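This report is a guided reading for someone meeting the structure for the first time. It begins with a sheet and then moves outward to helices, loops and contacts between chains.

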Amino acid sequence: MRKWGMVIDLDRCTGCQACVVACKAENNVVFSDPTQEETHRAISWMSVLTVLEGEYPDVKESYIPRPCMHCENPPCVKVCPVGATYKNPEGIVAQVYTRCIGCRYCTNNCPYTLKYFNYYRPRWSNEMKNLLNPDVSKRQVGVVEKCSFCHHRLQKAKEDARFEKRELREEDYVPACVQTCPTGALIFGDLQNPKSEVHRLSKISRAFRLLEELGTEPQVFYLTEGEWHG
Amino acid sequence: MAIKRRDFLKIGGGLSLSLPLYTCISDKSYNSTSKSNWLAGVEQWVPSVCQACPGGCGIMVRVIDDRAVKIEGNPLHPLNKGKVCPKGQAGLQLLYSPERVRGPLKKVGDRNEERWETISWDEALNTVSTKLQQLRESGKSHTVAFAGKNQQNTTDELVSRFFEVYGSPNFFKFDEWAALKNAYFVSQGIYDLMAVDLKNSRLILSFGANFLSNWPNVMENQRIYGEKRAEGDLKIIQIEPRFSIEASRADKWIPINRGSEGLLALGIASVLIKERLFNQAFVERFTSQFNEFRSFILQNISLDQVSEMTGVPLSSIIEIAKEFHTRHPAVAVSDFNLSYSANSLFNILAVHSLNALAGNIDSPGGFLRQRQAPVTELPPVTLDSVAKKALSEEEHWGTTESDLPLRSKNTKDMIDSMVNKSPYGINCLFLSSPGYQFVSYIQKKKAEILGSIPFIVSFSPFMDETSSLADLILPDTTFYEKWQDHHSSPLSKIPIVGISKPVIQPLYQSRPLESTLLTLARTMGEDFAQNFPWSDYKELLLYRMKGLFRAKKGSIFSSSYEEAQLRILEERGWWTPQHNSEDAFIKDLLEKGGWQDPSYHFNERSFVYQNNSQRFVFVSSFEIEDVGSNESQENEDYPLRLFLFDLPFTSSDSSSKNMPWYQENLGFRFGILWKIWVEVNPETAGALGIRDKDIVWVESPQGRIKAVARIFPGIGPEIVGMPLNKTEHPLASKGETDINDPLHLLEETYDERTGIPDRMSTRVKIYKARGR
Amino acid sequence: MKKLRKPKKLGLVLVGLTLVVSVFLLVILIDSWGGITQPLPFNHKIHTDNGLACEDCHPNFMEYASSGRPELEICASCHEEALTESEEEKRLMEYIQDGNEIDWVRLYRIPEDVYFSHRRHVAVGNVECAVCHGDIVESTRPPSKVRKISMEKCMDCHEDQEANNDCIACHR
């Protein structure tokens, strides 16, 4: 069985936000408004965290893109009372909106705060409804949502492969953020496959994971910045 | 009959369940009369060209039936190779913006109010045509003006052709890169931009250049950045007052006093010259007036003084100079950011002189000049006597004596001369998405403009500031809905021509500007119309593209492998045709999305140096006041200097406010979604009693605006930074953003030599606002 | 006669009330549920008997997620001239003459949270049309009620065929 995972090379990231917008466009995530900003209720499955250190003029800044970590040992799954969030056999932490009862246990239990609750009905103007992706649901108010590694693309890639009577190739399935990343900072693939780039990179000495000490075993690996960054 | 509590609950439960069930069933997605319920569901990926910025990246649009739902990069496009920036990703929000103008509109009643009446295209075109003919017949064709954005496409040619044939010299485009072109004109005799070969360069010495966020070829630069960072073969030194995105990605950030970049460059030059760390062979063969330059530097430049005036430590200056020499090939780059000061030309020329000292012009890893793509030229125009006479009229926005080609073209001059009716009044003004600066300035002068120009026509696809001025709106489509081409920015070394057909049919009653002009041309009489023999814009575009087939070089977009093959062949003088006929060529061209020529030919001296001497000219006739940074006078009332910066992918842009997905991320470094912020050094904030996230007023002698204060160690204690082009509401309709436009804080000062607005000398004070 | 105790009385009233409301709701429910009227009373049987295959009118199910709504062009390719004397065909001819697409109402519905691909099932999984669409080819009049596909039916079939039963394989 495959195990999908991501490697994020912080050396390459320029914080350009292409991944963030690509994610919203692919997954029908509605844009925020000033009220949501005030109440911290804006939704963004992928977000770039900035870490600024030092004093003028010796400052440095790092950009850390954060999708769902798709933990091997996901704290959100443990507390879901209805099985709306679960770990699928290919390593994706899935969210099934129709099962979700909106209790928000999972959002509270995610140490990375990468699960988002729909406090509002998404407000798409009639014009903008045209750009909604039919492969992904429009969310209702009252459900939790999160990065899905664009799993609908996986289903389509599998369908394409079977239609063409061939095996699924690793490169057939790429989430929207990875596809658009201009610098190649986001790398995606099968962590189980010893020949894959993500497998190799996840083992190098620069690789680390966020809040590793919690034992959540994220399937998103980061590569630290090199010496150039002081 | 006994009812148990449990039964009661069941009934109640059933009831409460049936309610949501009912609402669920009556949900619109089940609405049996809805047409969208059952469509063919035919899905395709249509190649196109993104024109959300001047970059022209190749994109593929996912179209399901008649809806465009997602944009990805065209993997074959040599500029972006399958990648798309955040603005491009949000592009469909332009297409489906609620602010789209649905069809031709006529303003009724008071011109200052916005009451509109829907009219037919026939009526609209008739009105314009009649107006144009009347003015022409009375010998006033030169009093018609057109203001648009600088685009690298055939639309530009069509518009200028229209106004030439009509007989108006007043075709205005704001070009934010003009200062650089002027500098290359002075030093190399070319009025063009030079490409930077970042891929082969080992040191990027950037004087405030936003090469990762605001250049038209940023996608190319981002890719090269990623590759070179991974290889470890990259060094960036970013010199600018504020810790920008580029500074955060640089190996070293060196803050500098704004406006003194040129002086620092001369300081570096003085080290190179004194220590003989320059490329003597190049200087001898390819430059002139080096001796004058050297004596100017030796006599006038003292490193201590440079250090003091620039704020850059002496040791850093020497270090930079040595590194610039040792990490050969190194490039010293600047961009339009240096143009926004009163000594812009000096700054840019001084920086570019470092490239000549290092011998990095027309050499790998240095500055290169892109060859023009061999598209077919439009046939020459035949002008009638009216047009000939009118074209000899003085161009409207001043012809101040200047040694520079583009002295006259700036927003302020243009609007002021129209408002002052000098040298003559403008009777009819056409507006087609002129840039952000323009929009900002016309907002300020709205009343005067309406008072002095009797008839204004807007082509804007959106209800925005330009359309609010108009008496008539002839809504253009967005670029997704029309035939279009795009020529790569000269900042890339290879010529690329992107071309595409409409991704979807025009929405509502909008109509491509190009068709509108061609239709108008046909109403203007036979002599006029014969200059526009094409039945539609598609025919005109394909006519131009045939030149690519006949040129016998380059190729339609292909895989990197084929591209490498072709480059090797071409650089050795070979070329193999891939298509039997023009038709086959055009078909393939449209399928792949464009054409490119990957080869680059070095040592074509007359192409890189077009001045008389065919050499790089060192300029040393600087006025000493140019050299000093143009810091405005200390002022107790306004103790801080205002630093305005462009947010990524927004420079000169006026459409991004219709892209909320994109707008909400612009403040990501400051945790801000929908506010305008002001960056304050911790020390300064402490002294002023301002805490992080306080709401403050930023006030200049010109006015004040409200912003969120963010404490930021990436800016000096005497400066405050503010972003341009940030909106405070998603889908901000016109008017909502103009109140808080930091451009309105600027004093109206301009570089006298180039006419470019000075963004650097305004002083401000900040203080806490009461309440929130 | 024994006096009814108060609580019970209240209970009965409540039961009555609930029933009334429920019936009312049920009526609305049934009303919104059923009753679809096609613009023309299309006869599947006549067409299939005359040798038309499913893909002649629903051209996309081998290639796309949606099977495709039959377009007027398809009708017009056979009905160049009226083939019968029927009233229905007369109305069809009007559509063809005016060039107005026929606004066929979708009969089979799946909930908003399900992603269903015809290609996946028909082209890849070799599922016969009738497995989900039953005897629609035999119908002589358009069914008057929306046909919903139940999740149970999906799951059963998936189990039988050993197809993926992971939630996110179908739920979007």
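## A parallel sheet in chain B

In this predicted model, chain B holds an open sheet of four strands, arranged in the order 11-10-9-13 and paired in parallel. The edges are taken by strand 11 (252–254) and strand 13 (330–333) of chain B, each of which has a single partner strand, so one side of each is left without a neighbour in the sheet. On average, and with direction ignored, neighbouring strands of this sheet are turned by 15° against each other.

One pairing can be followed in detail: strand 10 (residues 236–239) of chain B is joined to strand 11 of chain B by three bridges, and the two run parallel. Within this part of the sheet, Ile239(B) stands opposite Ile254(B), a residue of strand 11 of chain B. Helix 13 (residues 314–326) of chain B packs on the sheet, where it touches strand 9 (203–206), strand 10, strand 11 and strand 13 of chain B, and its direction makes about 140° with that of strand 9 of chain B.

## Two helices of chain B

Helix 9 (residues 261–274) of chain B has 14 residues, which at 1.5 Å a residue should span 20 Å, and its end C-alpha atoms are indeed 20 Å apart, in agreement with that expectation. Because 13 of the 14 residues of helix 9 of chain B are buried, this helix is largely enclosed by the rest of the structure. Just after helix 9 of chain B comes Arg276(B), which takes a positive phi of about 55°.

Helix 7 (residues 218–231) of chain B contains Asn221(B), a residue that counts as buried because 26 other C-beta atoms lie within 10 Å, where 20 or more are required. Leaving aside residues up to four places away in sequence, Asn221(B) touches Leu198(B), Phe211(B), Leu212(B) and Trp215(B). Asn221(B) is also separated from Glu747(B) by 526 residues in sequence, while the C-alpha atoms of the two are 34 Å apart in space.

## Backbone features in the loops

Cis peptide bonds occur in both chain A and chain B. In chain A, such a bond joins Tyr56(A) and Pro57(A), with omega at about -5°, and Pro57(A) is found in the loop between strand 2 and strand 3 of chain A. In chain B, the peptide bond from His328(B) to Pro329(B) is cis, with omega near -5°, and Pro329(B) lies in the loop between helix 13 and strand 13 of chain B, two elements already met in the description of the sheet.

Positive phi values are found at two further residues, neither of which is a glycine. His70(A), with a phi of about 45°, sits in the loop between strand 3 and helix 3 (75–79) of chain A, and this residue is buried, since 27 other C-beta atoms lie within 10 Å. Gln289(B), with a phi of about 60°, has its place in the loop between strand 12 (287–288) and helix 11 (290–300) of chain B, and this residue is partly exposed, with 16 other C-beta atoms within 10 Å.

## Chain A as a whole

The secondary structure of chain A comes to seven helices and ten strands. Its radius of gyration is 18 Å, close to the 17 Å that the globule rule gives for 230 residues, so chain A is as compact as a globular protein of that length. Along the principal axes, the C-alpha atoms of chain A fill a box of roughly 50 × 50 × 35 Å.

Of the 230 residues of chain A, 46% count as buried. Among the contacts in chain A with a separation of 6 or more, 61% are made by residues 24 or more positions apart.

## Where chain A meets chains B and C

Chain A has 45 residues in contact with 49 residues of chain B. Several elements of chain A give two or more residues to this side, including helix 2 (34–39), strand 2 (47–55) and helix 6 (176–180), but the largest share, seven residues, comes from helix 1 of chain A. The residues of chain A on this side divide into 21 nonpolar, 14 polar and ten charged.

The contact between chain A and chain C takes 15 residues from chain A and 14 residues from chain C. On the side of chain A that touches chain C, helix 5 (residues 151–163) of chain A gives the most, with six residues. That side of chain A divides into six nonpolar, six polar and three charged residues.

Key
Residues numbered from 1 in each chain as written. Chains lettered and ligands numbered in written order. Predicted model: local features only at pLDDT ≥ 70, side-chain atom pairs only at ≥ 80, totals over all residues. Contact = placed C-beta atoms within 7 Å. Nonpolar A, V, L, I, M, F, W, Y, C, P; charged D, E, K, R; others polar. Rg over C-alpha atoms; globule rule 2.2 N^0.38 Å. Buried ≥ 20, exposed ≤ 12 C-beta atoms within 10 Å, placed from the backbone. Expected span 1.5 Å × (residues − 1). Pairing = 2+ DSSP bridges. Axes fitted to C-alpha atoms, helices over the stretch in contact; angles between N-to-C directions.
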